Amino acid sequence: MAGVIKLPKDKRAETRFVRKVGRYGNSLGVGLPKALADKLRIAQGDEVEFIENDRGEVVLKKARKGNLPEGVRPEVLQVFYDVFEEDRGILEDLRNR
């Protein structure tokens, strides 16, 4: 058909890790694979946060530490961090020029 552009489907890379759940005091715990810990830049003693999205999926992120300046809402800072993470490659390319 003339004038029709076929767009490629979004094929995001997906990596799966399977771990057994174990007892951690009165709670349950899961060990993180080294590759995932490296990717998240987390080490022993760091804090992580679990975020459930509107599709019922749980996202694991390294918790951000620090006090916010007065008048800055946490959700605004989170959006900033999300955009920064999405554009990290662009920012690193600019830094290396």
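Me: What makes Lys34 and Asp38 about one helical turn apart?

Reply: In this predicted model, Lys34 and Asp38 both belong to helix α1, which covers residues 34-40, and because they are four residues apart in that helix, about one helical turn separates them.

Me: Why is the contact between Lys34 and Asp38 called a salt bridge?

Reply: The closest N and O atoms of Lys34 and Asp38 are 2.9 Å apart, and a salt bridge asks for a side-chain nitrogen of Lys or Arg within 4 Å of a carboxyl oxygen of Asp or Glu, so the pair of Lys34 and Asp38 counts as a salt bridge. As a general point, side chains of opposite charge can pair when their charged atoms come close.

Me: Which of the words buried, partly exposed or exposed fits Lys34, and which fits Asp38?

Reply: The relative accessibility of Lys34 is 61%, and exposed means over 50%, so Lys34 counts as exposed. Asp38 has a relative accessibility of 45%, which lies between the limit for buried, under 20%, and the limit for exposed, over 50%, and therefore Asp38 counts as partly exposed.

Me: How many salt bridges does the structure hold?

Reply: The structure holds five salt bridges, and one of them joins Arg55 and Glu57, with the closest N and O atoms 2.7 Å apart. Arg55 has a relative accessible area of 63% and is exposed, whereas Glu57, at 39% relative accessibility, is partly exposed.

Me: How do you know that the side chains of Asp82 and Lys61 meet in a salt bridge, and what parts of the chain does the pair link?

Reply: For the side chains of Asp82 and Lys61 the N to O distance is 2.6 Å, and the cut-off is 4 Å, so this pair counts as a salt bridge. The pair links distant parts of the chain, with Asp82 in helix α2 and Lys61 in strand β4 (residues 58-62), 21 residues apart. Asp82 has a relative accessibility of 29% and Lys61 one of 26%, and because partly exposed covers the range between under 20% and over 50%, both Asp82 and Lys61 count as partly exposed.

Me: Where does Lys61 stand in relation to the largest pocket?

Reply: The largest pocket has a volume of about 2,000 Å³, and of the 38 residues that line this pocket, Lys61 is among the closest to its centre, together with Leu36, Leu40, Val59 and Leu60. The elements that give two or more residues to this lining are α1, β3 (48-52), β4 and α2, and by class the lining has 17 nonpolar, five polar and 16 charged residues.

Me: What lines the second largest pocket?

Reply: The second largest pocket holds about 190 Å³ of space, and its lining residues include Arg64, Lys65, Gly66, Pro74 and Tyr81. By class, this lining has five nonpolar, three polar and two charged residues.

Me: What makes Leu91 fit for a place in the nonpolar patch on the surface?

Reply: Leu91, found in helix α3, is partly exposed with a relative accessible area of 38%, and residues of a patch need over 30%, so Leu91 passes this cut-off. The patch is formed by Phe80, Phe84, Ile90, Leu91 and Leu94, with about 480 Å² of accessible area together. Two or more residues of the patch come from each of α2 (74-86) and α3 (88-95), and α3 gives the largest share, three residues.

Methods: Residues numbered from 1 in each chain as written. Predicted model: local features only at pLDDT ≥ 70, side-chain atom pairs only at ≥ 80, totals over all residues. Heavy atoms only, no water. Patch = residues over 30% accessible without salt bridge, like charges linked within 9 Å, V, L, I, M, F, W, Y side chains within 5 Å. Areas by Shrake-Rupley, 256 points an atom, 1.4 Å probe, with all protein chains shown as cover. Buried < 20%, exposed > 50% of the residue type's maximum accessible area, 1.4 Å probe, protein only. 1 Å grid on protein atoms, 1.4 Å probe; cavity = no way out; pocket = protein on both sides within 12 Å on 5 of 7 lines; lining within 4 Å. Points joined across faces, edges and corners; volume = space filled by probe spheres on them. Nonpolar A, V, L, I, M, F, W, Y, C, P; charged D, E, K, R; others polar.
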